[in-house]
Amino acid sequence: MKRLPLVIAAACSFAAIGITPAIAAEHAPVTINLISAPFGTGSYVLSNALEQISKTHPWLKIVSAESPGFVYNIKKVASQPGLGKTLIFGSGPVVSTLARRGEKPFDKKYPPVKLLGNYIMVAIWMATLDPDIKTISDLAGKKIALGRAPQINWAVEPKAVINYGYGIPSNKINIQFAGPKGAVAALKDGTVNAAVVGGYLDPQKSQISLSPQTMEFVASGRKIRHLGWTPEAVKKTAARGIPIVPYSLPAKSFEGLDAPLGVLVDSAAWCASAELPDEIAYEITKLIINNVNKFGEYAASGKLMSPKGLVFGWAEKDIHPGALRAYKEAGVLK
C-alpha cells in the first residue's frame, strides 16, 4: 500500500481539526493558562482533560491548574491588567452575576465574565419523607436542610427559589445548612422535613446522573416524594438576579421518579474576560465542540457533555464573541 506524501498527510491531519496547513505552519505557539477549582473536583478533572485534549491542536496549548474556587478565579483575573489575555477560568452564571453586582461573597463589583463553554450542568430539587408534604409551598413553617451556606448550587439557589419564587420568607422556615451529604442524612434521621438533592444533567439528551448522596438516598428503599420547582417560581427567582433555568426531567429519569420533575439548573463553565482575544476564544471553543464526546474518557460527568449543553442557560450577549462565532459555525446556535 502506498503512503501519502508527507505534505498531503499533514494537510489531512490539520483538516481533521479544522486548521489549514498554512495557518498551522505560520501561527506562533500560544499558551493559555486555565485555573479551575480545588483538586479532585469535577471542575479540576475536566479542566485537566481540556489540557490533554489541547495537545492535539497545532499551536494552542492549555495548561490547567487547581484553584481555591470560582470566587478566587474571578478576583484573580481582575487583579492585574492584561492577565485575561492569557488566562481562562472556571466560573458559572450565578457566581459571575454576584461578582458583577458586588454581592457576597464578593467584596466589590467585578467586570463581567464571558462564556467559552459549560462542562457541568447541576440540577437541584427538594425531597421529603413526609406524606403530608406534597409541594414546595407546604414547606412553610417546616424544617429543611440545604448545603453549606456559601454553596451556590446546594444552598444559595434553592433558598432563593423558596424566598423569591414561592414567597416564603426565611423567618417562616427553619433552614439548616448541613452540606449536601449532611442534608440527606438529616432527612433520613427525621431531624428535618425536607432536604436538598440533585444531580448532573445533559439537557440535550434529558439524561441525569444523580449526585452520590442523592443516589444513595434513592437506593435506600424509603418512600421518597420528590418536590419539584414550578417553572414560574424559577423564573421569578431568575428575575431577581439569580440566573437559574427551569427544566423538566422526564418520568423514569431515575429510579422512583414516576412523573415529570421540575428542577432548577445552573452550570459550571470555562469562562474568560473580555481581554481574551477573539481568535483564541474561537480556537478554544472550537476545540471543545469538536472533542465534546471525548471528555467522558476522563470523568463520568464528562459523558453528560453535549453540544447544546455547552451554551445552555447563557444569553448570547454573555458568550465571548470568539466563542459565539465558533458555536454559530458549528450549528449549535443560529
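Asp202 is buried yet forms no salt bridge, and the nearest side chain of opposite charge, that of Lys205, sits 4.6 Å away. A salt bridge would need the side-chain nitrogen of Lys or Arg within 4 Å of a carboxyl oxygen of Asp or Glu. Please keep in mind that this is a predicted model. Below is a short tour of Asp202, a pair of helices and Phe89.

**Around Asp202**

- You can find Asp202 in strand 7, which covers residues 194-202.
- A polar atom of the Asp202 side chain lies 2.9 Å from the backbone nitrogen of Gln204.
- Setting aside residues up to four places away in sequence, Asp202 touches Gln207, Leu304 and Ser306.

**Where two helices cross**

- Helix 6 (residues 152-165) and helix 9 (residues 231-239) have axes that come within 8 Å and cross at roughly 100°.
- The two helices, 6 and 9, are therefore roughly perpendicular to each other.
- On the helix 6 side, the contact is made by Ala160, Val161, Tyr164 and Gly165, while helix 9 contributes Ala233, Lys236 and Thr237.

**Around Phe89**

- Phe89 belongs to strand 3, made up of residues 87-91.
- Phe89 counts as buried because its relative accessibility is 0%.
- Not counting neighbours within four places in sequence, Phe89 is in contact with Leu34, Ile35, Asn73, Ile74, Val77, Val113, Ala269, Trp270, Cys271, Ala272 and Ser273.
- Between Phe89 and Ser64 there is a separation of 25 residues in sequence, and their C-alpha atoms are 9.1 Å apart in space.

Technical notes. Residues are numbered from 1 along each chain as its sequence is written. This is a predicted model: local features need pLDDT of at least 70, side-chain atom pairs count only at pLDDT 80 or more; totals for chains, interfaces and linings use all residues. Side-chain values use heavy atoms; hydrogens and water are left out. Helices (H or I, at least four residues) and strands (E, at least two) are DSSP runs, numbered from the N terminus. Buried means under 20% relative accessible area, exposed over 50%, partly exposed in between (1.4 Å probe, protein chains only). Lys and Arg count as positive and Asp and Glu as negative; His and the chain ends are not counted. A polar contact is a pair of N or O atoms within 3.5 Å; within protein, one must be able to donate a hydrogen and the other to accept it, and residues adjacent in sequence count only if both atoms are side-chain atoms. Contact means heavy atoms within 4.5 Å. Axes are lines fitted to C-alpha atoms, for helices over the stretch in contact, and angles run from 0 to 180 degrees between N-to-C directions. Angles under 35 degrees count as roughly parallel, over 145 as roughly antiparallel, 65 to 115 as roughly perpendicular and the rest as oblique.
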